Amino acid sequence: MIFQKSTFYFLSLFFLFFVSQFNYAQEQKQVKKESRGRLFNDTTATDSDYLMAIEKAGEVLESAYNDIDFAGDTRHLFGEMKRTESKLNLILASLKGANPNVRNQQMYRIVLQEIEQELEDQNKAINEKNLSLEKIKSRVIELRKDKTLMTLIKDTIRRQQFKKEFANLRKRYVGTDSLMTKNQTTLNNKKRLTVERKIAVSNALVTVENKLEKSGISIFNKEYPSLWQTGDSAVSKKVTHNIKAKIIIEESVAEYYLGYKAGGLITLCFFMGLLFWYISRNIKYLKANGYSESLSLLNFKYLNRGVMVPVMVIALNIAVVTNLYAPALFLEFIQLLLLGALTILFKNQWSGVSMRNWLFLIGIFFALCFLDLFITIGLLQRFAFVAINLLGIRYGLVQIKTLKDELYIKGFFKWASILFIGLNFLSILYNLFGRVSLSNMLSLTAFISLTQIVALSVLLKIILEIILLQIYTTRVKRGIEKMFDYESLSDTLKKPFIIVISYMWVIVIASNLNIWESLRSSLASLLSHPNTIGSITFTLGNIVLFFIIIWAAHLLQKYVAYFFGEIDDENEENINKRQHSKLLITRLVVLISGYLLAVAASGMPLDKLSILLGALGVGVGLGLQNVVNNFVSGIILIFDKPIQIGDVVEISSESGRVKSMGLRTTKINAPNGAEIIIPNGNLLSQNITNWTYTDNFKLVEITFEINGETIPEEINTIVNETLGNLPLVNNAKPSQIYYSSISDGKYKLLIKFWCSIYRTEETISSARQELYVSFKNKGLNFSS
C-alpha cells in the first residue's frame, strides 16, 4: 500500500515537472517570436500606445457625458412644456363648466390652436434631442473600432498593469451610460406626454368647433324645447350656488387670458401714457403762455373735461377691437368700463332726457351681461332675455332718437338703430323656438353694436380734437396767434377716419356674430389666390395692397402739413419759408417711399417691372412727356427754391401770392381772389419776378403837391416825421424824397418808402391820410 502511494506521488511529480518544462519551452518560443515581431513589425502596441488609447477613450466618455447632460435650452423646453400643460389644463377645465357663449368658445379655439402649435414645436424639439443623444451614443460605440484599446481589454495580463486607469475609465463609462439611460427615459416620457396632450387638444378643438357650429346663424336645429313647452328643470337648483360656480370659472378664464395678453395690454397702456403726456404738455404750454381763452375758442367737447378720461376712451376702444376673441367676462367688463368712461364725458353736456336714456341703456346691457355670464340656461334666463329684447325694441323705436342728436357722427346711427331693432327681434324669435345660444348671441351683439357706434363716434371726435390741439399749439410756438377755421378743417380730416371706425365697427359686430373668422378666411383665400396673365402671375391681394399704399401715401402727404401747424387758407406775413421747404421735401419723400413700397408690396418681379418701365418710357416719349416734365420741374423747384410758399410773384401776365406747391402744379392766389394753377414746367420756362425772394418788403411811391408858404426843408421834416410814426412803414430803410417841380408856393414831390409787400395798398392809403393831416395842421394844402 505504501509502495503504491509512493509510486503515485512520483508519477504525479514527474507529470507536473514535464508539463512545467513544456510550458516553459512554449513560453520561451513565444517570447522569441514576440521579440522577433517587435523588431520587424512597427504596429505592435507599446505601453505608451495603451495609455494613449485609454486617455482617448476617457476624453470621448467625458465629452459624451457633458453633451448628454441637459443644457439650458433643454431646461427651458421643459419649462415651456409645464406652462403649456397648465394652460391646457385650465382650458380643459373651463370647457367643462363655462357657459357655452360664442366669445368664450372663440377664445378657446384660438388658444387651443396656439397650444397645438406649441406642442408640435415641443415634439419636434424632443425628437431633435433624441437624435442628438443617438449621435452621442454612436461616438461611444466608435471606441470598439480602436484596435489598441480592444487588444488591451482582451489581454488580462497587461490589463493588470493599467488597473488604476481602467478603474477610472470604467467609472466614466458607467456614469455616461447611466446618464444616457436616464435622459433618454426622460425624453421618451416627455414625448409620450406631448402626444397625449396633442390628442387632448385635438379632441377639445373638435368639441369647440361643434359648439361654434351649433351657434351659427345657418343652423336652425333646436337646442332646447320651445319656450311654451319647457318645464324648467333648473328651477329646483340653488341659483346662488350656480352663480358662484360660474363666477369662479369665468374669473379663472379671464385671469388666464389677462396673463396670456399681458404683453399686448402693457404695450397699449404704455402708448396711451405717452399720448396722455403729449396732450397734457400741449395744454399746459398754452395755459402757461396765456392762451387759455384762445384754447376755449376751439370749442372742444371732450378735451375740455380733462385728459385722462378721453385717453381712457381711446384705449378701451382699441382694447375692444384688438381682443376680439377674449373670454366673455373680460370683453364685457371692457365694454362696461368703456360705457362708464363715456358717461363721465356725457355728464353735464347731454340733456336730461338723453342722459336718462343713456343710463337706461347701460342698465339693460349690464343685466344682459350678468344673465349671459352667470345664470344657467333655463326658464328664468330665457324669459329674462325675452323681456330685455322687448325693452330693446321699444328703446330702438322711441328712446334712441335722443342719443342721435348728441353724437358727432349721425349717419351711421341710422343703420345701427335698424340693426339693433332687427337683432332683438330675431333673438326673441330664436328664443321662442329653442335656439337659446343663438338668441343670446344676437341679443349681446345688438346691444354691443349700438353702444360701440356711440363709443366710436366719441373716439373720432376725440382724435380730431387732439389733432386740432396739435395744430394750434404748433402755430402758437411759431408766433401765429390767428385762429383758423377749425370746423371746416375737422370736416376735411374726419373723412379717412370714418373709414377706419367703420371697419372697427364691422369687425366687432362680425366677431360677436361668429362670422368674422369665416369672412376673414374667405377674403384671405380670395386675395391670395394666384392669377396668371401671360407670363405674369399676381394675386388680387397684391393689387389691393398696392392701391391702399398709394392712397395712404397721398393722404399722408396731404395731411402732413397739419402737424407742422400749416393751414391751406392762411396768409401770414411772417410765414416760415424754410419750414415750408422742409414740408415740401417731406411730402416728396413720403410720396416716393409710398410708391416704392407699393411696388414692392405688389410682388411684381423686377424683370417684368423692367419690361413695364421700358414700355412706359415709350409712352412717356409720346403722350406723357408733359406730365413727366411737370413732375421733374416740381422736384427742381423744391430743391432749387426760385419760389417758395408765401412768395409774391409775377409770372408773365399773372401775379399773386404762392399758396401751395405740388409735384405737378403750383397754385397762386391772385389779388382779386382767384386761384391761378400753373404747371411747374411753365414756371421754369418763363421769367419769374419774385418780390419776396430776399425779404418781404417792397419799395412803393406816392406823388403829391403842396401849396402854401413853406420851404423844402420843412416839407422834408414833415414827411419824415409822418412816415416815422406809421407802424406799417419799414423805417429801417430810409425813405426817399424827390422834387419834380418847385415854384413859389407850389411843390411837386415823389416819395419812396419801404413797406410789407403783403399790405402795400393799406400802407399807401395810411401814408396819404397821415400826410394830409400833417400838412393841414401846418396850414398847407395837400393834394395827391
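The legends below describe close-up views of a predicted model.

**View 1. Helix α26 and its length.** Helix α26 comprises the 18 residues 760-777. At 1.5 Å a residue, a span of 26 Å is expected, and the end C-alpha atoms do lie 26 Å apart, so the two values agree. Just after α26, Gly-779 adopts a positive phi of about 80°.

**View 2. The buried and exposed faces of helix α26.** Thr-760, Thr-763, Ile-764, Ala-767, Leu-771, Ser-774 and Phe-775 are the buried residues of this helix. They occupy an arc of only 95° around the axis and therefore lie on the same side of α26. Such a pattern can be related to the geometry of a helix: an α-helix has 3.6 residues a turn, so residues three or four places apart point the same way. The exposed residues Glu-761 and Asn-777 are carried by the face turned away from the buried side of α26.

**View 3. The surroundings of helix α26.** Among the elements that cover the buried residues of α26 are the strands β8 (697-707), β10 (746-756) and β11 (781-783). The helix α25 (712-724) also contributes to this cover.

**View 4. An open sheet of 5 strands.** The strands follow the order β6-β5-β4-β3-β7, and their pairing is antiparallel. Because β6 (675-679) and β7 (688-690) each have a single partner strand, they stand at the edges, and one side of each has no neighbour in the sheet. On average, neighbouring strands of this sheet are turned by 40° against each other, direction ignored.

**View 5. The pairing of strands β3 and β4.** Strand β3 (residues 648-651) and strand β4 (residues 654-661) run antiparallel and are joined by 4 bridges. Ile-651 stands opposite Glu-654 of β4.

Terms used: Residues are numbered from 1 along each chain as its sequence is written. This is a predicted model: local features need pLDDT of at least 70, side-chain atom pairs count only at pLDDT 80 or more; totals for chains, interfaces and linings use all residues. Side-chain values use heavy atoms; hydrogens and water are left out. Helices (H or I, at least four residues) and strands (E, at least two) are DSSP runs, numbered from the N terminus. The expected span of a helix is 1.5 Å times one less than its number of residues. Buried means under 20% relative accessible area, exposed over 50%, partly exposed in between (1.4 Å probe, protein chains only). The arc is that of the directions from the helix axis to the C-beta atoms. Contact means heavy atoms within 4.5 Å. Two strands pair if DSSP finds at least two bridges between them. Axes are lines fitted to C-alpha atoms, for helices over the stretch in contact, and angles run from 0 to 180 degrees between N-to-C directions.
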